Amino acid sequence: MEWALVRKKERDFEDTLRERGQKQALKELLRKAVVQGAGLSVVALLVALYFQLKEFYIIGAALFAFLLPPVLHYSLRLYLDEQRKRGIEKFVPDLLLQASVFPSGTPMTKIVKYLGESGYGELAAEFKKTHHDLLLGASVEEALGGMAKRVGSPTLSRALNLLVQGYNS
């Protein structure tokens, strides 16, 4: 059971990297981190030997140095993802207000295109991707659902559900 949970988190993290336009997949990220960790571990080992530390501290320093880069890479990716979500969530009230002023019967593609050209930072970039999905033939529900999945924000997801409900009514 625990192994399945770990595999799910790994897939989620890899999907997040791909959706964010990160060229590096999880395995590539880990490979780089392990190489950096190995190099840092060798340096820590040499420094510990130079200062003639006890074996326990030498092994501890080398192990710590080896594990540090993968942990830092992963933590940094999670932090940047969270900052991105917060930046997007900051504009959700403006998004709802802007979408509410469109006259009844306005095509959703026009609304999405307008929101993609607005000054809403990362949220505008997501709406541009969503507009592209709509132009490629995706339904409004599919395109906005894909956007909600890409961003992974419950706040934005609820706002997009409101837009879909308004569109369907």
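The following exchange covers exposure and salt bridges in this predicted model.

User: Why is Tyr50 called exposed?

Analyst: Exposed means over 50% relative accessible area. Tyr50 has 65%, so the residue counts as exposed. Tyr50 is found in helix 2 and belongs to a nonpolar surface patch of about 900 Å².

User: Which helix gives the largest share of the nonpolar patch?

Analyst: Helix 2 does, with 4 residues. Helix 3 (55-89) also supplies at least two.

User: What makes the contact between Arg86 and Glu82 a salt bridge?

Analyst: The cut-off is 4 Å between a side-chain nitrogen of Lys or Arg and a carboxyl oxygen of Asp or Glu. The N to O distance here is 3.8 Å, therefore the pair falls within 4 Å. The two residues are 4 apart in helix 3, about one helical turn.

User: Why does Arg86 count as exposed, and why does Glu82 count as partly exposed?

Analyst: Over 50% is exposed, and partly exposed lies between 20% and that value. Arg86 is at 51%, so exposed applies. Glu82 is at 34%, so partly exposed applies.

User: How do you know that Asp133 and Arg150 form a salt bridge?

Analyst: Their side chains meet at 3.6 Å, N to O, which is within 4 Å. Asp133 lies in helix 6 and Arg150 in helix 7, so the bridge ties together parts 17 residues apart in sequence.

User: Why is Arg150 called buried?

Analyst: Buried means under 20%. Arg150 is at 13%, so the term applies. Asp133, at 25%, is partly exposed.

Conventions. Residues numbered from 1 in each chain as written. Predicted model: local features only at pLDDT ≥ 70, side-chain atom pairs only at ≥ 80, totals over all residues. Heavy atoms only, no water. Patch = residues over 30% accessible without salt bridge, like charges linked within 9 Å, V, L, I, M, F, W, Y side chains within 5 Å. Areas by Shrake-Rupley, 256 points an atom, 1.4 Å probe, with all protein chains shown as cover. Buried < 20%, exposed > 50% of the residue type's maximum accessible area, 1.4 Å probe, protein only.
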